[in-house]
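Grab a pen and have your viewer ready. Here are a few short exercises, each with a worked solution.

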Amino acid sequence: MHCLAESKNAEAPFSRDWALADQIRRAAGSTMPNIVEGFDSGSDVEFARFLRYSYRSAGEVQSHLYAALDLGYVDREVFDRCYAMCGEVKNTTAGLIKYLKTM
């Protein structure tokens, strides 16, 4: 995640904990492809389903951020910024899901 790259000490700790870094990368990296896959399905029902996948992926990143904070891999400022970015993704996808339900 871009916001983690800005951490003062993000490289060293995450380079030693490749599993957590990989989980964060994979969860963060799946949000946009899920949105695209759902959109390309041509069905509002399928689009909403894939938006829910994206929503859950952002929540997974938030969960992993707590682990990174607890382990001292990121400071509170970086945690808050990254957590907020995930929150924006979740809010946007939730809004799209709600909109699709009214269609």
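The exercises below look at one loop residue, a helix pair and some aromatic rings. This is a predicted model, where local features need pLDDT of at least 70, side-chain atom pairs count only at pLDDT 80 or more, and totals for chains, interfaces and linings use all residues. Residues are numbered from 1 along each chain as its sequence is written, and side-chain values use heavy atoms, with hydrogens and water left out.

**Exercise 1.** Work out whether tyrosine 73 is buried or exposed, and find the side chain that its own side chain contacts.

Step one: locate tyrosine 73 in the loop between helix 4 (44–70) and helix 5 (76–102); helices here are DSSP runs of H or I, at least four residues, numbered from the N terminus.

Step two: tyrosine 73 has a relative accessible area of 14%, so it's buried (under 20%, with a 1.4 Å probe and protein chains only).

Step three: the side chains of tyrosine 73 and aspartate 17 share a polar contact of 2.9 Å (N or O atoms within 3.5 Å, one able to donate a hydrogen and the other to accept it). These two sit 56 residues apart along the chain, with C-alpha atoms separated by 9.4 Å.

**Exercise 2.** Describe how helix 4 and helix 5 cross.

Step one: their axes, lines fitted to C-alpha atoms over the stretch in contact, come within 9 Å and cross at roughly 165°.

Step two: that angle makes helix 4 roughly antiparallel to helix 5 (over 145 degrees).

**Exercise 3.** Which residues do ring pairs link into a cluster?

Just one step: Tyr66, Phe79 and Tyr83, with rings pairing if their centres lie within 6.5 Å.

Definitions and conventions: Helices (H or I, at least four residues) and strands (E, at least two) are DSSP runs, numbered from the N terminus. Buried means under 20% relative accessible area, exposed over 50%, partly exposed in between (1.4 Å probe, protein chains only). Rings of Phe, Tyr and Trp (its six-membered ring) pair if their centres lie within 6.5 Å; planes under 30 degrees apart count as stacked, over 60 as edge-to-face and the rest as tilted. Axes are lines fitted to C-alpha atoms, for helices over the stretch in contact, and angles run from 0 to 180 degrees between N-to-C directions. Angles under 35 degrees count as roughly parallel, over 145 as roughly antiparallel, 65 to 115 as roughly perpendicular and the rest as oblique.
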